Amino acid sequence: MDMGYAIMKAACAIAAGLCMGIGAIGPALGEGHAVGKALEGIARQPEATGDLRTTMVLGCAITETTGIYSLLISFLLLFAVN
Amino acid sequence: MSVSVDGAFIYFTIPLFGGINITQTTVSSFLVLVIFSIACIVLGRKLTKRPGKAQVLLEKGISMMQNMVVSTMGAHNVHWTPFILTIFVSSVGGSLIGLTGFLRSSTADLSCTLTWAVMVSVIIWYNNIKNNGFVGWLKGFTEPVVVMTPMNLVSEVAQPFSMAFRHFGNVAGGGVITTILYTAFSALSALVLNLIASSGWAVGIVLIVVGVALFVLGMKKHRMLVDILGILSFGLGLFGILQGMGVLSNVPVLALGIPAIISVYFDVFSGFVQAYVFSLLTMVYIAGSCPEPEPEQ
């Protein structure tokens, strides 16, 4: 195998790992915070559980977006760079 | 073992307007369209005063969507329900059609979700211009202060991209993760089967006996997990012996149960949540461009 190609592949793999690892920190913190707050709300006001759960899932899905972007970038690095 | 991830491939090209490509995405999304159109025609034909089972379900679903539209967009925007419901249904159908195995999810292609997002953006611009006038629409970019204009322009362009990439990334990423898991479990089961086949008959027979025992135990105590373990152990023993005799080789036994659970999360749950998020964002954005009309004096 060509040496330059091998180095490029290795760099892509490392970059994909870094991208996903660092990119997952933000959404993880954000979603944890959101779920914690929602649980506090449920504990204080159990009758609002249904509303809170729907809004929480929605908020989590929107928060996840940044993580999804980094997932896409790492997939591009892994599979689309040749 | 290598994993390859491809986009939607092109079935054939129509030689019109410089060539229209018919891809897997086109086929899947048109199939979803046809299925839901036929369902709507069949269900909507026999509407009666005293509803049957199908009509009750249909009315329940439509009124749920109507309530959601009213609570998010206000009662004056209730005429948007069919559009929102269409987006929701085609998104769910487009995501779930990938579960058939031979069709590709139409939402796992950026061109499909980007089309929807751009469509929503055009509708928002049209409504803004209709309600505020062209000058009023342009003036909206300079709020709250004139310095914010570049920021507002960027966010106006970024909005459809963000919507499209969110939906596409979730479905496509889930698909890639499921593929990687299936490949990994197939490799693992090939390894284990080789080990069993090379170590002789006894191990395979012991595995089969243990598997049957676990299965019977799980059936008696109604434990699903023990059942699954029993089936896996039985399969490993059986296919190990078969491989030792040279009949079959490398049957992916371990890829049977575990990836399916992951697939349920990534394909089914994520498909529904993303459809919900997409239609909710559509509702919020359209409601922002259609404010409540002033009450007439």
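**Helix H5 of chain B, the nonpolar cores and the contact with chain A**

B:Leu181 is found in helix H5 of chain B, helices being DSSP runs of H or I with at least four residues, numbered from the N terminus. The model is a predicted one, in which local features need pLDDT of at least 70 and side-chain atom pairs count only at pLDDT 80 or more, whereas totals for chains, interfaces and linings use all residues. Residues are numbered from 1 along each chain as its sequence is written, and chains are lettered from A in the order in which they are written.

With 17 other C-beta atoms within 10 Å, B:Leu181 is partly exposed, a class lying between buried (20 or more such atoms) and exposed (12 or fewer), with C-beta atoms placed from the backbone. Residues up to four places away in sequence aside, B:Leu181 touches B:Pro259 and B:Ile262, contact requiring C-beta atoms within 7 Å.

The largest nonpolar core, a set of buried Ala, Val, Leu, Ile, Met, Phe, Trp, Tyr and Cys residues joined through C-beta atoms within 7 Å, has 26 residues, and B:Phe88, B:Phe168 and B:Met283 are among those with the most contacts inside it. Helices H2, H3, H4, H5 and H8 of chain B each supply at least two residues of this core. Apart from it lies another core, of six residues, including B:Leu193 and B:Leu236.

The contact between the chains takes 12 residues from chain B and 11 residues from chain A. On the side of chain B that touches chain A, H5(B) gives the most, with seven residues.

Technical notes
Contact = placed C-beta atoms within 7 Å.
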